[in-house]
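Me: I'd like a close look at one part of this model, please, told as one connected story. Pick a spot and work outwards from there.

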Amino acid sequence: MVKNIEQGVNERLIKIFNFLLTAGIIVLISVFFVSKFIMPQTLRTTSTAMDTISRNFSSRMFALHNLWTIEHNSNFVLPTWANIFNEQNTEELGFDPKKLVFKMTSSGWVRDVSGVEGKNRCERIWMVVLGKKLKLYYTDVKTVDLPNETLCVYYADQIGFSYNYSNGDIQKVNKVDHK
């Protein structure tokens with residue numbers, strides 16, 4: 001009788017062990033699948049989105065530079081006929097475009113913006129030039145303001161671009177070391 005009880009307990013333990021072993025293997029396969037196939041896709045998506053945003057940023061920055069060439073004023077106000085915000089309303093933008101003053105360098109590149117809330121100059125420049133908050137779909141965009149290098153760095157998941165406000169240069173950044 002004791003032997004039958006022991007045999008029943010042993011069979012249950014073997015079944016539990018087999019179940020845990022199978023569950024463990026399934027978890028390992030799932031982790032492998034996610035790390036090999038899903039994560040790289042997310043990075044590629046972020047990279048593509050940042051490339052698109054940087055091109056949009058660049059074209060809008062050049063439009064502002066061209067408008068500045070007409071005005072030649074270090075505190076540049078957008079003319080009423082220049083609609084770079086595609087008629088977005090003030091609530092969507094988070095600022096009133098009529099109250100913006102662009103602080104320009106002597107060569108005509110945006111170095112700061114007043115009339116909009118933001119933690120640093122780079123955040124304000126992003127918000128005004130792109131007309132959106134520091135978000136890239138569900139990913140937060142981070143900024144690094146490097147005034148000694150006249151540089152703003154924008155990145156998400158270590159992929160991004162830099163804007164040099166001394167000469168308007170925009171460069172892709174693959175690995176951001178500035179924290």
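**Around one loop residue**

Reply: Happy to! Aspartate 157 has a relative accessible area of 36%, so it counts as partly exposed, since that class lies between the 20% limit for buried and the 50% limit for exposed. Please keep in mind that this is a predicted model.

Aspartate 157 sits in the loop that leads from E7 to strand E8 (159–164). Its backbone deserves a glance too: phi is positive, about 55 degrees, although the residue is not a glycine. As background, most residues other than glycine have a negative phi.

At the other end of E7 (151–156), the loop from strand E6 (142–146) holds threonine 150. Here again phi is positive, at about 45 degrees, in a residue that is not a glycine. Threonine 150 has a relative accessible area of 24%, so it is partly exposed.

Now for the rings on the strands beside the aspartate loop. Tyrosine 154 and phenylalanine 161 are both buried. For phenylalanine 161 the relative accessible area is 1%, which is under 20% and therefore buried. The two rings make a tilted aromatic pair, with 5.2 Å from centre to centre and 35 degrees between the planes.

The model has 8 aromatic pairs in total. Another of them joins phenylalanine 161 to phenylalanine 57, again tilted, at 5.2 Å centre to centre and with 55 degrees between the planes. This contact connects distant parts of the chain: phenylalanine 57 belongs to helix H1 (residues 2–71) and phenylalanine 161 to strand E8, 104 residues apart. Phenylalanine 57 has a relative accessibility of 0%, so it too is buried. Follow the ring pairs further and you get a cluster made of Phe57, Trp126, Tyr154, Phe161, Tyr163 and Tyr165.

For comparison, here is another place where a positive phi turns up. In the hairpin of E2 and E3, with 5 residues between the strands, glycine 108 has a phi near 95 degrees. E2 and strand E3 (residues 110–114) are antiparallel and share 4 bridges; in E3, aspartate 112 is the bridge partner of lysine 103. Strand E1 (residues 75–76) also runs antiparallel to E2, through 2 bridges, and asparagine 75 stands opposite lysine 103 there. Along E2 (residues 101–104), Phe102 and Met104 point to one face and are buried, while Val101 and Lys103 point to the other and are not.

Notes:
Residues numbered from 1 in each chain as written. Predicted model: local features only at pLDDT ≥ 70, side-chain atom pairs only at ≥ 80, totals over all residues. Heavy atoms only, no water. Buried < 20%, exposed > 50% of the residue type's maximum accessible area, 1.4 Å probe, protein only. Pairing = 2+ DSSP bridges. Phe/Tyr/Trp six-rings, centres within 6.5 Å; stacked < 30°, edge-to-face > 60°.
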